[in-house]
Amino acid sequence: MGFGKGYGKTILFGEHFVLYGFSAIASALGSSTTANVKIIEGKGWIVDDQRPETPGYKIKKFDEAQKSIKNVLEYLKIDTDSQKLEITFAGDLIAASGVGASAAQCTSLARALNDSFNLNLDDEKINEAAYEGEKAYHGTPSGIDNTASTYGGLIWFVKNLSGGKNTMDLLQSPIRIPLIIANSGITASTAEVVADVRRLKHENPNKFEKIFKEYKEIADKAKIAILEGNIISIGNLMNQNHKLLQAITVSGEINDKLVQIALKNGAIGAKMTGTGRGGLVIALAENKEMQEKIAKAIEKEGYDAWKTIIG
Ligand code: MEV
């Protein structure tokens with residue numbers, strides 16, 4: 001029997017841009033997915049997916065999940081011809097678009113296999129195995145989700161576009177950052193949205209160049225704001241980042257609606273997070289009272305809102 005855990009994540013700055021080599025900032029969440037692996041007689045593997053979910057998520061992602069498990073098993077060279085694995089996923093992370101559900105699943109599985117088969121893998125290897133799993137969901141993942149899921153904490157991440165080691169620095173903020181995570185309830189396909197942005201970039205190189213330049217400035221300022229604990233600046237920069245996500249067409253109507261509800265109810269900043277075109281929105285609150293107020297306002301409109309503190 002082996003056990004493993006992978007954290008959920010939220011991207012504060014730079015989803016999509018991270019795929020083009022720009023720096024991004026993400027935080028692991030307190031909620032996680034767990035995996036239990038039991039070796040039984042037979043061959044192959046079976047999955048019991050007990051994760052809580054946004055309705056429809058698991059069905060929509062079923063094929064990708066199967067492929068990601070296969071990728072992780074193959075990467076770790078686990079023999080499934082002379083033994084069978086019973087894999088159970090559970091935990092308190094809600095499987096939804098935008099929360100790093102796929103990365104948490106891949107990371108938890110890599111850790112559970114490491115435990116089951118005494119593979120002695122360090123976090124770097126776990127992260128590599130989870131990245132292989134993520135390919136089934138993202139096509140060409142940046143690696144930010146599995147990195148946050150593996151290492152935890154608040155991270156500054158830059159993908160190495162030449163295929164070498166990515167850059168990951170842990171950021172220490174002097175403040176604790178209260179966030180509200182609003183769930184649109186819509187499950188998006190990361191692979192499809194990422195491919196669509198790539199096509200748009202190809203068709204409009206000048207437009208994208210301008211947007212990328214603006215994003216770079218936002219990311220640099222965001223790192224400083226987080227390190228200095230300047231919550232107002234973090235919020236303003238989130239708003240600016242959201243505008244750029246709208247410009248590259250990944251923020252859907254529902255994302256914009258949730259952003260507006262949060263801002264109207266006192267959020268300092270709000271943006272979509274993750275893949276977009278559904279999925280999640282994050283909003284920044286000045287303090288716990290405001291966090292409560294904003295979460296309630298979102299719930300009143302019929303959407304789930306989760307409160308978390310990062311940093
Ligand atoms: C998805 O959580 C984040 C994206 O930037 C894809 C990736 O980085 O692999 C959209």
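This tour moves through a predicted model, from one enclosed strand to several pairs of charged side chains.

**Stop 1: strand β7**

Begin by selecting residues 177–183, which form strand β7. Seven of the seven residues in this strand are buried, so β7 is largely enclosed by the rest of the structure. Turn the view to inspect each face of the strand. I177, L179, I181 and N183 lie on one side, while P178, I180 and A182 lie on the other. Both faces are covered.

**Stop 2: the partners of β7**

Add residues 304–310, strand β10, to the selection. Strands β7 and β10 run antiparallel and are joined by seven bridges. Next, add strand β9, residues 280–284. This strand also runs antiparallel to β7, with five bridges between them. Which residues are the bridge partners of I181 in β10 and β9? In β10 the partner is W306, and in β9 it is I282.

**Stop 3: T273**

Now select T273, which belongs to strand β8, residues 269–273. Is T273 buried or exposed? Its relative accessible area is 0%, so T273 is buried. Display the side chain of T10 as well: a polar contact of 3.5 Å joins it to the side chain of T273. Beyond its neighbours within four places in sequence, T273 is in contact with several residues, including I11, E15, G98 and I282. I282 has already appeared on this tour, as the β9 bridge partner of I181.

**Stop 4: a buried salt bridge**

Side chains of opposite charge can pair when their charged atoms come close. The model contains 15 salt bridges. For one of them, select D145 and K9, whose closest N and O atoms are 3.4 Å apart. D145 lies in helix α5 (residues 144–151) and K9 in strand β1 (residues 2–13), so this pair ties together parts that are 136 residues apart in sequence. Both D145 and K9 are buried.

**Stop 5: salt bridges within helices**

Move to helix α7, residues 205–228, and select E214 and K210. Their side chains form a salt bridge, with 3.7 Å from N to O. Being four residues apart in the helix, they are separated by about one helical turn. E214 is partly exposed at 36% relative accessible area, whereas K210 is exposed at 58%.

Then select K296 and E292 in helix α10, residues 288–300. The closest N and O atoms of this salt bridge are 3.3 Å apart. Here K296 is exposed, at 51%, and E292 is partly exposed, at 32%.

**Stop 6: a network**

Finally, select D196, R199, E203 and R277, which a network of salt bridges links.

Definitions and conventions
Residues numbered from 1 in each chain as written. Predicted model: local features only at pLDDT ≥ 70, side-chain atom pairs only at ≥ 80, totals over all residues. Heavy atoms only, no water. Buried < 20%, exposed > 50% of the residue type's maximum accessible area, 1.4 Å probe, protein only. Helix = DSSP H or I, 4+ residues; strand = E, 2+ residues; numbered from the N terminus. Pairing = 2+ DSSP bridges. Polar contact = N/O pair within 3.5 Å; in protein donor to acceptor, adjacent residues only side chain to side chain. Contact = heavy atoms within 4.5 Å. Salt bridge = Lys/Arg side-chain N within 4 Å of Asp/Glu carboxyl O.
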